[in-house]
Each structure stands twice: as structure tokens, then as C-alpha cells.
Amino acid sequence: MSLISAQNLTIVLNGQTVLKNVNFSINRGEIVTIVGPNGSGKSSLLRALIGALTPASGTVTRADNLRIGYVPQKLQIDATLPLTVRGFLNLPHRQPRTVVENALKKAGVGDLAKRQMVDLSGGQFQRVLLARALLNAPDILILDEATQGLDQPGAAAFYRQIDDVRREMGCAVLMVSHDLHVVMAASDRVVCLNGHVCCEGTPEIVADAPEYRALFGTGTQGAFALYRHEHTHSHDHDPDHDHDHTHCDGAH
Ligand SMILES: Nc1ncnc2c1ncn2[C@@H]1O[C@H](COP(=O)(O)OP(=O)(O)OP(=O)(O)O)[C@@H](O)[C@H]1O
């Protein structure tokens with residue numbers, strides 16, 4: 001059974017149909033990336049999946065007792081507020097010291113517990129947000145453009161960290177990203193959204209799909225190939241087999 005699924009999901013905000021008849025599901029351990037132009041409904045889909053938005057029609061189903069770890073796009077911290085990383089991870093509930101330390105270690109910032117939040121670099125800050133999302137040992141990690149503001153190597157390093165976390169903890173990962181060339185190759189499945197699911201499948205299938213190219217052009221292909229070359233992890237699936245489960249349909 002899938003961790004979260006949506007059936008014929010339609011979301012209307014302020015009278016505007018933001019998503020129409022979207023079907024989606026994510027299984028245990030999968031990495032799924034949602035791509036799409038600005039305003040295509042990516043954040044709205046995430047918010048509907050976690051239950052923060054009520055569908056106008058359709059349904060969202062979550063597995064019983066599902067633990068969700070959410071990494072937001074960014075978070076404003078009052079620059080005048082003295083707050084250490086450890087203090088931040090103990091908000092709003094105090095956590096056992098070992099839980100905080102383990103989460104920081106898993107997020108690749110085990111040495112930063114005593115640092116002030118306002119002194120962190122962009123990449124360190126996002127890792128601390130990742131650590132916070134890992135505190136409850138989530139079944140699924142949901143990231144909404146979590147690498148905004150990071151440069152390309154920084155974003156790539158962050159996504160490699162996510163991949164390591166997934167391997168270690170076995171959680172599924174659902175992310176929205178604009179870093180197409182960086183994240184796509186690391187995903188099991190990519191969903192291309194534009195108010196509806198216009199294209200879905202393995203990264204290769206989506207990158208080649210006319211619907212995807214119409215939205216993003218072909219320019220990302222080179223960087224995409226480069227990243228695949230650098231990406232040394234092996235994923236335990238057979239790409240030929242996966243092709244059986246992919247489709248791209250241009251129906252709007
Ligand atoms: N609270 C809201 N009230 C009204 N309209 C909203 C609200 N939130 C989002 N929208 C609209 O819904 C549409 C989809 O927004 P959403 O944030 O889901 O897109 P997105 O794909 O995540 O965009 P981006 O890539 O720019 O973050 C946009 O047209 C946006 O203006």
C-alpha cells in the first residue's frame with residue numbers, strides 16, 4: 001500500500017483551479033520529484049498531501065500513523081534572537097539529547113549543535129532544517145524547494161545527503177524542485193506538473209517527453225547527463241523494467 005495517494009484531486013484557491021484531477025501516489029522508500037513551472041501547483045499539491053489544504057473534490061489517503069518530516073523552502077529566524085542549533089531543535093518540544101545529536105549527524109552537521117542559528121551558512125541552515133524533519137524518524141520526508149538560495153554544488157551536496165538519509169533510514173522522499181538537472185537523475189520517478197500531471201515516469205522518460213521539453217526546453221539535458229555521470233550511487237532497480245511503469249500523456 002502507498003504511503004500517501006491522491007485520487008482525482010482538485011484544488012481551488014480563491015476561485016482559481018490550481019490543480020485539476022491529479023492522481024498521485026508514493027510508496028515506501030521511493031524518491032519522487034515534482035517539477036513544474038512557477039505557479040503550476042507544486043506547493044499546493046504538497047500541502048494537500050500533508051492535509052494542510054482541503055480538496056475541492058477528490059481524495060487524499062495517508063497510511064495509518066504515517067510520520068511525515070517536512071523541510072520548508074526557507075524559514076525566517078529573528079537575527080536578534082540568540083538561538084543555538086540545539087535550542088532550535090528543541091522547539092516546540094524538548095527532545096532527548098541523543099535524538100537531537102543523531103538527527104544532526106544524519107543530516108551531516110553533527111558538529112554544529114552549539115552554533116548560533118543566525119551564523120549558519122545557507123547549506124548548513126538547510127541541513128539543520130533537515131535534521132529537524134528527521135527528529136520523529138519519518139516514514140516520508142517532504143521537501144519543498146529546500147535548496148533555494150544554494151548554488152549548484154551546494155544543492156547537489158544537499159540532495160546527496162538526502163539520498164544517504166533515505167538509504168540509512170529507509171524513508172520515502174517527496175520533493176519539489178527547480179534544480180531539474182540536479183535532482184532528476186537522483187529520483188526514482190519524476191512528476192511534471194502544470195495544473196495537472198502532464199508527464200510522469202523515470203527521469204529519462206520525463207526528460208525526453210515532449211510535454212516536459214515544451215515547459216523546460218532541452219537545455220537541461222547536458223547538465224542532466226553530466227550529473228548522472230558523477231552520480232555514483234546505484235539504485236536497486238532495473239531501468240528497463242521501470243519503463244513499463246512510466247507514461248507521458250499530453251492530455252490537458
Ligand atoms: N493561498 C492562496 N490563495 C490564492 N491563490 C493561491 C494561494 N496559494 C497559491 N495560490 C495560487 O495557486 C497557484 C499555484 O501555486 P503554488 O504555490 O502551488 O505553485 P508552485 O508550483 O509551488 O509555484 P512556485 O514554483 O512559484 O513556488 C498560483 O497561481 C498561486 O498564485
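This report walks through the fold of one predicted chain and the surroundings of its ligand.

The model is predicted, so to speak of local features a pLDDT of at least 70 is needed, side-chain atom pairs count only at pLDDT 80 or more, and totals for chains, interfaces and linings use all residues. Residues are numbered from 1 along each chain as its sequence is written.

**Overview**

The chain has ten helices and nine strands; these are DSSP runs (helices H or I, at least four residues; strands E, at least two), numbered from the N terminus. Of the 252 residues, 39% count as buried. Here buried refers to 20 or more other C-beta atoms within 10 Å of a residue's own, exposed to 12 or fewer, and partly exposed to values in between, with C-beta atoms placed from the backbone. Among contacts between residues at least 6 apart in sequence, 71% join residues at least 24 apart; two residues are in contact if their C-beta atoms, placed from the backbone, lie within 7 Å.

**The sheet**

Let us turn to the strands. An open sheet is formed by six strands in the order β5-β6-β7-β3-β8-β9, with mixed pairing; two strands pair if DSSP finds at least two bridges between them. At the edges are β5 (68-71) and β9 (197-201), each of which pairs on one side only. From one strand to the next, the twist averages 15 degrees. Three of the pairings are listed here.

| Strands | Sense | Bridges | Citation |
|---|---|---|---|
| β6 and β7 | parallel | five bridges | |
| β3 (31-35) and β7 | parallel | four bridges | |
| β8 (189-193) and β9 | antiparallel | four bridges | |

Strand β7 (172-176) is mostly covered, with five of its five residues buried. A172, L174 and V176 point one way from β7, V173 and M175 point the other way, and all are buried. Opposite M175 in β7 stands T33, while D144 stands opposite V176 in β7. In β9, V197 is the bridge partner of L193.

**Helices α3 and α4**

Helix α4 (122-134) lies across β5 and β6 (140-144) and runs at about 165 degrees to β5. Such angles run from 0 to 180 degrees between N-to-C directions, and axes are lines fitted to C-alpha atoms, for helices over the stretch in contact.

In α3 (97-106), the residues V100, A103 and L104 are buried. Seen down the axis of α3, its buried residues fall within an arc of 100 degrees, so they line one face of the helix; the arc is that of the directions from the helix axis to the C-beta atoms. The cover over the buried residues of α3 includes α2 (85-89) and α4. After α3 comes G108, whose phi is positive, near 85 degrees.

**Around the ligand**

Which residues surround the ligand? They are L13, N14, Q16, V18, G36, N38, G39, S40, G41, K42, S43 and S44, where a residue is near a molecule if its C-beta atom, placed from the backbone, lies within 6 Å of it. The elements giving two or more residues to this shell are β2 (16-26) and α1 (42-49). The largest share, three residues, comes from α1. By class, the shell has two nonpolar, nine polar and one charged residues. Ala, Val, Leu, Ile, Met, Phe, Trp, Tyr, Cys and Pro count as nonpolar, Asp, Glu, Lys and Arg as charged, and the others, Gly among them, as polar.

**A residue elsewhere**

A209 lies in the loop between α7 (203-208) and α8 (210-216). Why does A209 count as buried? Because A209 has 22 C-beta neighbours inside 10 Å. From C-alpha to C-alpha, A209 and N14 are 32 Å apart in space, and 195 residues separate them in sequence.
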